Amino acid sequence: MPGIVKDGIHEDGADENSMSHKEASISNGGLTPQHPHNGNIEVAAGVDTSIDQLYENVCEMQSSDQSPSRHSLGSDGEESRIDSELRHLVGGEMKEVEIIEEDEELHKPISSDYHSDSNSKKDSPSTVKKSKKAPATSPNSKSKSPAKPPIDNKRVEKSVKKTPTRGVGQSESGLDNPDLGPFLLKQARDLMSSGDNSRKALDLAARAAKSFEKCSNGKPSLDLVMSLHVTAAIHCSLGNYVDAIPILEHSIEIPVIEEGQDHALAKFAGYMQLGDTYSMLGQLENSISSYTTGLEVQKRVLGENDPRVGETCRYLSEAHIQAMQFDEAQKLCQLALDIHRENNAPASIEEAADRRLMGMICESKGDHETALEHLVLASMAMVANGQEADVAAIDSSIGDTYLSLNRYDEAIFAYQKALTSLKSTKGENHPAVASVFVRLADLYNKTGKFRDSRSYCENALRIYEKPIPGIAPEEIASGLTDISAIYESMDEVDQALKLLQKALKIYSDAPGQQNTIAGIEAQMGVMYYMLGNYSESYSSFRSATTKLRASGEKKSAFFGIALNQMGLACVQRYAINEAVGLFEEARGILEQECGPYHPDTLGVYSNLAGTYDAVGRLDDAIEILEFIVGMREEKLGTANPDVEDEKKRLAELLKEAGRVRSRKNRSLENLLDSNQTANTSSLNNGGIKV
């Protein structure tokens with residue numbers, strides 16, 4: 001979170017949005033389910049319940065325009081990570097679905113003579129009236145990979161006899177009919193694809209799941225798993241993410257890995273969809289746990305070095321980045337890079353995607369030279385593979401790294417190169433162009449050229465305020481947040497606050513953005529504090545911390561810093577007892593996450609000592625200040641102004657308590673003894689310390 005204030009001093013920190021503009025140039029396009037043609041839709045004999053169709057259903061229902069996962073750094077922007085993963089698992093390109101045309105319309109009753117062997121994957125009939133185009137695959141799916149696990153794709157076409165009987169929705173007494181589940185699931189998928197009646201689609205999918213469950217006779221059924229995945233996806237499309245979780249958990253319990261590869265891959269799909277759903281709720285810890293378990297299942301069935309395992313490793317690495325867990329993200333990204341280098345030709349697209357992500361991780365960890373190396377190699381690989389459209393985004397990241405290294409001329413060159421490419425490929429009013437303007441504004445702001453910085457901010461705002469159709473609102477909100485940080489650093493707090501308010505309105509409590517919204521609210525709390533509006537500051541921090549608690553982020557360093565800021569707002573509102581509780585909670589978190597000697601932790605100690613003094617706990621205040629003074633004397637030196645201020649505070653408290661500062665002084669005799677012992681030890685070890 002940029003702009004954290006501690007003891008009235010503005011400091012720079014980091015939150016979930018700290019890298020938001022660095023990857024803003026990634027395309028935000030997504031797959032959309034193919035809509036069936038209007039008109040009569042005939043009832044087929046059932047739905048295809050093979051493992052191919054299972055994953056196609058999940059991909060179609062959980063398409064990337066609805067998927068909670070972020071766009072993969074390795075894709076061309078047309079698929080979400082979960083879409084790409086599921087497609088890889090079933091052998092790359094999705095096969096077109098053969099559809100049998102019947103004369104009976106969808107609303108006509110189902111025949112009592114309607115029979116299909118829906119419990120057998122090999123004999124599952126086709127389902128829909130007309131051939132549907134397979135969704136586009138990511139560049140990763142076109143790579144040469146070892147043979148995929150064998151999957152039986154035999155399909156048996158059946159027809160429906162036109163013998164009118166009762167309507168499907170009239171009673172649930174016929175749920176044990178093995179033909180009913182496929183029929184209901186087909187109707188649910190058709191309704192969902194057309195977008196006509198999602199509520200009705202949900203009811204049909206739920207009834208299909210009940211029918212499959214009754215017909216399974218307690219045995220593991222992939223038909224049931226498929227219907228549960230579809231039901232959960234419809235819940236998510238309606239915003240009912242909490243309702244989708246128990247359904248997905250049930251779907252994970254059904255497949256038995258020992259039954260074969262199809263069951264294992266079905267379990268994998270369930271874990272990945274569950275992880276996405278947790279992500280939409282902002283529960284990153286649960287999301288990462290689901291992804292990790294899914295990865296282990298995938299490794300078990302495909303092997304440790306399968307290219308598709310590499311894709312999942314990169315997928316999980318991105319999730320760790322979102323949770324600011326860069327060490328774990330780096331391990332997984334390196335694993336993905338090793339797998340792809342082993343299975344693909346040198347400088348492949350997969351390797352380029354891994355290196356691009358690795359560059360982002362190294363940049364976040366402060367290893368700028370290594371980040372630059374990975375990004376340059378990624379750019380060269382993209383050019384070699386004819387992916388010039390992705391080179392501009394990598395050039396922007398290269399510019400970010402040059403900026404971090406204070407190599408400003410080279411950063412400007414990289415940004416201008418990306419700007420020229422994006423204007424020619426996407427148009428001058430595309431948000432990707434605006435994101436480069438923001439980068440240039442940041443650069444000129446850091447070099448003291450405020451007029452140029454303000455000019456680039458205004459150019460970016462003109463694009464963000466009139467977005468072209470089809471651009472995700474979150475991309476606009478992210479850009480406004482980045483510009484706000486620049487205005488704040490130029491002491492234009494009012495303008496910065498207005499931009500954050502606009503960004504917050506765009507997000508509008510959207511699912512899956514709770515951590516981002518909390519970051520914006522915390523930044524607004526900082527600005528309200530700077531403006532002296534302590535009531536609004538407290539309200540903003542309270543809303544932010546509430547969201548962070550709900551999303552499971554109550555153990556992060558960012559959460560600890562937000563609590564510290566909220567405590568300062570309480571002090572200004574004379575709510576001292578509440579401030580004490582907040583500072584104590586912040587101390588516990590930062591000690592765990594950063595250590596007791598970190599500057600942020602020491603700042604909380606100082607605030608806590610002040611509140612202890614205010615409530616009459618002098619002994620506790622003196623103990624904390626003695627620790628702070630000793631630590632800062634050791635790290636900063638006795639002449640440092642910060643040390644002098646803390647020593648004065650400590651002296652006043654000691655005088656008030658009638659005490660003197662306790663020092664752990666050592667006598668000259670003890671010092672000589674210890675030195676003699678140390679020298680003797682050095683000689684015995686065969687060397688002399690210099």
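Modeller: Let's start with a term: a helix here is a DSSP run of H or I with at least four residues, numbered from the N terminus. Keep in mind that this is a predicted model.

Colleague: Okay, so which helix holds Lys-210?

Modeller: Lys-210 sits in helix α4, which covers residues 198–215.

Colleague: And does Lys-210 count as buried, exposed or partly exposed?

Modeller: Partly exposed, because its relative accessibility is 42%, and that class lies between the 20% and 50% cut-offs. Look at Leu-175 too: Lys-210 is 35 residues away from it in sequence, yet their C-alpha atoms are 7.0 Å apart in space.

Colleague: How do I read a pair of packed helices?

Modeller: You describe them by the angle between their axes and the distance between those axes. Take α10 (residues 326–343) and α11 (residues 349–364): their axes come within 9 Å and cross at roughly 160°. Angles over 145 degrees count as roughly antiparallel, so that is how α10 and α11 run relative to each other. Their crossing is left-handed.

Colleague: Which residues of α10 and α11 meet?

Modeller: Quite a list! Among them are Phe-326, Ala-329, Cys-333 and Leu-337 on the α10 side, and Leu-357, Met-358 and Ile-361 on the α11 side. By class, the residues in this contact split into nine nonpolar, four polar and five charged.

Colleague: What does the packing of α19 and α21 look like?

Modeller: Here the angle is about 35°, and the axes of α19 (residues 514–530) and α21 (residues 557–572) are 11 Å apart. α19 also passes α21 in a left-handed crossing. Gly-519, Ala-522 and Tyr-529 of α19 make the contact with Phe-558, Leu-568, Ala-569 and Gln-572 of α21. That contact has five nonpolar residues, two polar ones and no charged ones.

Colleague: What about the inward side of a single helix? Which residues of α12 are buried?

Modeller: First, the general idea: an α-helix has 3.6 residues a turn, so residues three or four places apart point the same way. In α12, the buried residues include His-368, Ala-371, Leu-372, Leu-375, Ala-378 and Met-382. The buried residues of α12 pack against α10, α11 and α13 (388–404). After α12 comes Gly-386, with a positive phi near 75°.

Colleague: How far apart are the end C-alpha atoms of α12?

Modeller: They are 24 Å apart, which agrees with the 24 Å that its 17 residues should span at 1.5 Å a residue. Try α6 (residues 241–253) yourself: its 13 residues should span 18 Å, and its end C-alpha atoms are 19 Å apart, which agrees. Its buried residues, including Tyr-241, Ala-244 and Leu-248, pack against α5 (222–237) and α7 (261–280).

Terms used
Residues are numbered from 1 along each chain as its sequence is written. This is a predicted model: local features need pLDDT of at least 70, side-chain atom pairs count only at pLDDT 80 or more; totals for chains, interfaces and linings use all residues. Side-chain values use heavy atoms; hydrogens and water are left out. Axes are lines fitted to C-alpha atoms, for helices over the stretch in contact, and angles run from 0 to 180 degrees between N-to-C directions. Helices (H or I, at least four residues) and strands (E, at least two) are DSSP runs, numbered from the N terminus. Angles under 35 degrees count as roughly parallel, over 145 as roughly antiparallel, 65 to 115 as roughly perpendicular and the rest as oblique. A crossing is left-handed if the near helix is turned anticlockwise from the far one by less than a right angle, and right-handed if clockwise. Contact means heavy atoms within 4.5 Å. Ala, Val, Leu, Ile, Met, Phe, Trp, Tyr, Cys and Pro count as nonpolar, Asp, Glu, Lys and Arg as charged, and the others, Gly among them, as polar. The expected span of a helix is 1.5 Å times one less than its number of residues. Buried means under 20% relative accessible area, exposed over 50%, partly exposed in between (1.4 Å probe, protein chains only).
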